[in-house]
Amino acid sequence: MKNTVNVQRAIHKMTQADLSEAIGVSRQTINSIEKNRYVPSTLLALKIARLFKVAVEDIFELDEKE
């Protein structure tokens, strides 16, 4: 799954630590999501999208092979 979490963070001038604190996960979780090593749960994806005030589909996109 592709994502633009790092782009959204930059737009909102947030660090990984800021984002992790805002949604209640570790900074390592955010790092893993951004590096496509971890696919977030639906709940976590919704929290991220809500925080950035965008649709989930604006941040997360399925790869063609998925």
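The following paragraphs lead the reader through the structure, from the whole chain to its helices and loops.

The model described here is a predicted one. Its chain contains 5 helices and 2 strands, and along the sequence these elements follow the order β-α-α-α-α-α-β. The radius of gyration is 11 Å, close to the 11 Å that the globule rule gives for 66 residues, so the chain is as compact as a globular protein of that length. The C-alpha trace spans about 30 × 20 × 20 Å along its principal axes.

Several values describe the chain as a whole. Of its 66 residues, 33% are buried. Among contacts with a separation of 6 or more, 53% are made by residues 24 or more positions apart. The chain exposes about 4500 Å², and carbon and sulfur atoms supply 51% of that area. The chain also has 10 positive and 9 negative charges, whose mean positions lie 7 Å apart.

Helix H4, which runs over residues 42–52, shows how one element is placed within the whole. Its buried residues are Leu44, Ala45, Ile48, Ala49 and Phe52. These residues cover an arc of only 135° around the axis, which puts them on the same side of H4. A general property of helices helps in reading this pattern. An α-helix has 3.6 residues a turn, so residues three or four places apart point the same way. On the face of H4 turned away from the buried side are the exposed residues Thr42, Leu43 and Arg50.

What covers the buried side of this helix? The cover over the buried residues of H4 includes helix H1 (5–11), helix H2 (16–23), helix H3 (27–34), helix H5 (56–59) and strand S2 (60–61).

Helix H3, itself part of that cover, has buried residues of its own. In H3, Ile30, Asn31, Ser32, Ile33 and Glu34 are buried. The elements that cover the buried residues of H3 include strand S1 (2–3), H1, H2, H4 and S2. H3 and H4 thus each appear in the cover of the other. Just after H3, the backbone at asparagine 36 takes a positive phi of about 60°.

A positive phi also occurs at two lysines in loops. Lysine 13 is located in the loop between H1 and H2. Its phi is near 50°, a positive value in a residue other than glycine. With 74% relative accessibility, lysine 13 counts as exposed, because the cut-off for exposed residues is over 50%. Lysine 53 comes just after H4, in the loop between H4 and H5. Although lysine 53 is not a glycine, it has a positive phi of about 60°. At 77% relative accessibility, lysine 53 likewise counts as exposed.

The last part of this account concerns how distant parts of the sequence meet in space. Leucine 62 is found in the segment after S2. Is leucine 62 buried or exposed? Its relative accessibility is 54%, and leucine 62 therefore counts as exposed. Which residue lies 60 residues from leucine 62 along the chain, with a C-alpha separation of 6.1 Å? That residue is lysine 2. Strand S1 covers residues 2–3, and lysine 2 accordingly belongs to that strand.

Notes:
Residues are numbered from 1 along each chain as its sequence is written. This is a predicted model: local features need pLDDT of at least 70, side-chain atom pairs count only at pLDDT 80 or more; totals for chains, interfaces and linings use all residues. Side-chain values use heavy atoms; hydrogens and water are left out. Buried means under 20% relative accessible area, exposed over 50%, partly exposed in between (1.4 Å probe, protein chains only). Helices (H or I, at least four residues) and strands (E, at least two) are DSSP runs, numbered from the N terminus. The arc is that of the directions from the helix axis to the C-beta atoms. Contact means heavy atoms within 4.5 Å. The radius of gyration is taken over C-alpha atoms; the globule rule is 2.2 Å times the number of residues to the power 0.38. Accessible areas come from the Shrake-Rupley method with a 1.4 Å probe; for residues, only the protein chains shown count as cover. Lys and Arg count as positive and Asp and Glu as negative; His and the chain ends are not counted. The place of a charge is taken as NZ of Lys, CZ of Arg, CG of Asp or CD of Glu.
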